[in-house]
Amino acid sequence: MKIIILMILLGVSSCATSGKSKIKNDEGNIINSLQSYQPVKIVEKEIKQKKQVLKKKEKGYFKKESAVYDVSLKGMNAGTAIIKAEGQKNGKEEFSAHIKTNSFISMFFKVEHKIKSLWSKSSGSHFFSFNGIEGGVRKNRVQKVDSNKKIVNISSTEEKEGKKFKKDKIKPWVQPTQDFLSSFFFVRTINWEKEKIKGFLVLDNGTVKKVEGVYKGLEEIRVNGKKYLAKIVEVRYRNNNSNFNKFWITKDNLLVKIQANLKIGTMIFELDKYTKDL
């Protein structure tokens, strides 16, 4: 009888030991399998990297800023221009400009332009709107880029003496192409001392034109009583040296002076006030 009891006890003990060993082995296998299940960690790492990339893409090239310029035409004070980087909208950087003649000039020929642009450094202009008055003529133009179809839809209206004229057209689009306003910001993104000459595209009055920027060296200039050491860049149409815009850009990327050669004469923008991180 004692032998039978002893055998039973030994059997139970053996089963218990075996069960514990099995449980321990199973736990070890589970832990090992979890530790070796790297895809979870890889996926988490990839998600983190993608978020960092998206965050980097969402970050605009320009911080919010506002620049107020005194505008002169043919050497005479003509008005003011306010050019702003407004921040981001729908993943693009938004720029705006408000240009108007002063009260004296407006008595003879009033000019007021309100302009907006949506832009990215990699793909150029995506949207441009112009709303303006020139004398007794009201002009509006909207340019919407369809990146998928590689076209730009241009809608223009003009009101004169009670009559309204409208024109719609579609043009082929190549990225990156700048609009009138975004080109003012685009020239500030280039390392001109290294590039020397940079060709790019600009949509001008409904036509995409090839232009080139040429670095002309450094110049110490005085603007509204302040001294600046600035890079001079001339932006002109290809094979046309007479029609160009000239930009003075400081080492810290401030656009302090703009010279625009127009049909009506040379227009000069000189920086009066600058505010950043609005």
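This passage describes the confidence of a predicted model, a nonpolar surface patch and the surroundings of one lysine.

Residues are numbered from 1 along each chain as its sequence is written, and side-chain values rest on heavy atoms, with hydrogens and water left out. Because the model is predicted, local features need a pLDDT of at least 70 and side-chain atom pairs count only at pLDDT 80 or more, whereas totals for chains, interfaces and linings use all residues.

The pLDDT, which is the predictor's confidence in each residue on a scale from 0 to 100, averages 82 over the protein, and 76% of the residues score at least 70. Over residues 33–38 the pLDDT stays under 50, and the model has 0 contacts (heavy atoms within 4.5 Å) for this stretch beyond four places in sequence. Residues 53–58 likewise have a pLDDT below 50, and 2 contacts are found for them beyond near neighbours in sequence.

Strand β2, one of the DSSP runs of E with at least two residues, numbered from the N terminus, covers residues 76–89 and includes Met76. With a relative accessibility of 44%, Met76 counts as partly exposed, a class that lies between buried (under 20% relative accessible area) and exposed (over 50%), computed with a 1.4 Å probe and protein chains only. On the surface, Met76 forms a nonpolar patch with Phe104, Met107, Phe108 and Phe109, and together their accessible area is about 610 Å²; members of such a patch have over 30% relative accessible area and no salt bridge (a side-chain nitrogen of Lys or Arg within 4 Å of a carboxyl oxygen of Asp or Glu), and nonpolar side chains (Val, Leu, Ile, Met, Phe, Trp, Tyr) are joined within 5 Å, like charges within 9 Å. Accessible areas come from the Shrake-Rupley method with a 1.4 Å probe, and for residues only the protein chains shown count as cover.

Lys167, located in strand β8 (residues 163–172), counts as exposed at 55% relative accessibility. Beyond its neighbours within four places in sequence, Lys167 is in contact with Ile154, Ser155 and Ser156, while Thr157, 10 residues away in sequence, lies 6.3 Å from Lys167 between C-alpha atoms.

Terms used. Helices (H or I, at least four residues) and strands (E, at least two) are DSSP runs, numbered from the N terminus.
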